[in-house]
Amino acid sequence: MSKNFDVVVIGGGPGGYIAAIRAAQLGFNTACIDEWKNEKGGPAPGGTCTNVGCIPSKALLQSSEHYEHAGHAFKDHGIDVKGLSLNLPQMLGRKNTVVKQNNDGILYLFKKNKVTFFHGRGSFVKGDANGYEIKVAGAAEESITAKQVIVATGSNARALPGAPFDEELILSNTGALAITEVPKKLGVIGAGVIGLEMGSVWRRLGAEVTVLEALPTFLGAVDEQIAKEAQKLLAKQGLTVNLGVKIGDIKAGKKDVSVDYTDDKGNAQKAVFDKLIVSIGRTPNTTGLNAEAVGLKLDERGFIAVDGDCKTNLPNVWAVGDVVRGPMLAHKAEEEGVAVAERIAGQHGHVNFNTIPWVIYTSPEIAWVGKTEQQLKADGIAYKAGTFPFLANGRARALGDTSGMVKFLADAKTDEILGVHIVGPMASELISEAVVAMEFRASAEDIARICHAHPSLSEATKEAALAVDKRALNF
């Protein structure tokens, strides 16, 4: 096996494995190093996303939604379910199967595209513009060389000071996906994407869930109108969210966790939970990379410092994904990985941060792209807004889920779409139309004049675009 490569990618998550595949497609002799292990010690490429993030969480979200529908919504459809019971080991087993299918899929793609895979931890040994020596610490230690290096080492869950993750009582996303018995009382610190998704899973399965959020507003990055609607709908489901809290001492006992906190009125409170999920953000993963050996520059927050093209301070060393600036999103990492591989080939890789979609996979789902209404007001940009409720959408009625709305924001003069925000069924799928439209700088009228299939949820998108000009047809 050759140990001299044109491109070596350190990290096999969404940014890393996609970068490796694209580099190989462009004719480079490419290797990818990844240290994730499955329960048998074998390779499990895909990073946090595939192993303990995006993929397993969506599997549990889907399973738990089926369970909740069987216990409640099926009745409306004329389906009576007697003796409904939860088989949690089977549910977790299915989740693990889905993860393995994705792991195996990546290994297959490496083979298909002639990417050499190394199972272990990659770290710098030495190097300069002429090439870099990379150590692979796996079952056996070996060294490989690369003309170009792409660092895609991802991120780790951030722990609260004095409350390290034990993944038994105090849980990161990893432990939250592997609870073997539904807790009676579940605490969640942080009302972000992970907190709301994991809180939703375990609430549906029977846990009493309380979310503690330090910020005074719910989902502050989301359009305010959409966030308020989502908060109302989640509260109606029984998800308790306390805003403006200040976390104090956290003490793990033998069977539970106590949390001292101050509420939004300044009153001291104490809560005891069977399990506590801490989801307060993530930190860049550069541990063991040995960046100092080659002088790779990190910024003040520990991210690898890069320019707009993902170039580091070192010649022929690049970095993508969660380990660099920008949103910590798998699809953002993938786009950067493709762009970097193409830049290495002398092409013009393209990543538009303004059209990266965001999704929260609660029920209803929340998705958005572009500017929020509060951002446009703060920037002094004149705009027009149009909304359309799923309550007036025929397909939503047929599905039995009419919660939420679609909202368009367009430039007051040019009608160019500036932002699209959705809370409702299948928002994660509907947002892609808005991304395409914004990438081509479409106007709200462009969407309004495109024929959408009937009956479909996408008609709500068309109607919201029509509403920008105050001419919605079905509401």
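**Sheets, helices and a few odd spots in a predicted model**

Val406 stands opposite Ile422 in strand β21. That pair is a handy way into this structure, which is a predicted model. Strand β20 takes in residues 405–411 and strand β21 takes in residues 417–424. Six bridges hold the two in an antiparallel pairing. Zooming out a little, β20 and β21 belong to an open sheet of five strands. Reading across that sheet, the order is β17-β18-β21-β20-β19, with antiparallel pairing. The edges go to β17 (358–360) and β19 (383–389), and each of them has a single partner strand, so one side of each is left without a neighbour in the sheet. On average, and ignoring direction, neighbouring strands here are turned by 10° against each other.

The sheet has helices lying across it, too. Helix α7, made of residues 224–237, lies across β18 (365–370), β19, β20 and β21. Its run is at about 5° to β21. Helix α11, covering residues 427–439, lies across β17, β18 and β21. In this case the angle to β18 is about 10°. As for what the records say about this part of the chain, an unreviewed UniProt entry places the feature "domain: Pyridine nucleotide-disulphide oxidoreductase dimerisation" at residues 356–465. Over residues 356–465, helix makes up 35% of the chain and strand 28%, while the end C-alpha atoms sit 20 Å apart.

What about the earlier part of the chain? For residues 5–337, UniProt lists "domain: FAD/NAD(P)-binding", again from an unreviewed entry. This stretch is 30% helix and 27% strand, and its end C-alpha atoms are 17 Å apart. Another open sheet of five strands turns up in the model, with parallel pairing and the order β7-β14-β8-β9-β10. Its edge strands are β7 (170–171) and β10 (240–242), each of which pairs on one side only. Inside the sheet, β8 (residues 185–189) and β9 (residues 208–212) pair in the parallel sense over five bridges. One of the pairings to look for is Ile189, whose bridge partner in β9 is Leu212.

Strand β3 (residues 116–128) is a good one to follow by eye. It runs parallel to β2, and four bridges join the two. Cys32 has Phe117 of β3 as its bridge partner. With strand β4 (residues 131–138), β3 runs antiparallel over eight bridges. The two form a hairpin, with two residues between them. Arg121 stands opposite Ala137 in β4.

Arg121 has a second story to tell. Side chains of opposite charge can pair when their charged atoms come close. The structure holds 22 salt bridges, and one of them joins the side chains of Arg121 and Glu35 at 2.9 Å, N to O. Arg121 lies in β3, whereas Glu35 sits in the loop between β2 (30–34) and α2 (47–52), so the pair ties together parts that are 86 residues apart in sequence.

Next come two helices that pack together. Two packed helices are described by the angle between their axes and the distance between the axes. For helix α3 (residues 54–71) and helix α4 (residues 88–112), the axes come within 9 Å and cross at roughly 145°. The crossing is right-handed. On the α3 side, the contact is made by Ile55, Pro56, Ala59, Leu60, Ser63 and Ser64. The α4 side brings Met91, Leu92, Arg94, Lys95, Val98, Val99 and Asn102. Sorted by class, that gives eight nonpolar, three polar and two charged residues.

Finally, a few spots in the backbone are worth a look. Most residues other than glycine have a negative phi, and most peptide bonds are trans. Where does the chain do something else? A cis peptide bond joins Ser363 and Pro364, with omega at about 5°. Pro364 lies in the loop between β17 and β18. The bond from His454 to Pro455 is also cis, with omega near -5°. Pro455 is placed in the loop between α12 (444–448) and α13 (459–468). Then there is Asn290, which is not a glycine but still has a positive phi of about 60°. Asn290 is found in the loop between β15 (282–284) and β16 (317–319).

Note on methods:
Residues numbered from 1 in each chain as written. Predicted model: local features only at pLDDT ≥ 70, side-chain atom pairs only at ≥ 80, totals over all residues. Heavy atoms only, no water. Pairing = 2+ DSSP bridges. Axes fitted to C-alpha atoms, helices over the stretch in contact; angles between N-to-C directions. Contact = heavy atoms within 4.5 Å. UniProt positions renumbered as here; feature names shortened; annotations may be inferred. Left-handed = near helix turned anticlockwise from the far one by under 90°. Nonpolar A, V, L, I, M, F, W, Y, C, P; charged D, E, K, R; others polar. Salt bridge = Lys/Arg side-chain N within 4 Å of Asp/Glu carboxyl O.
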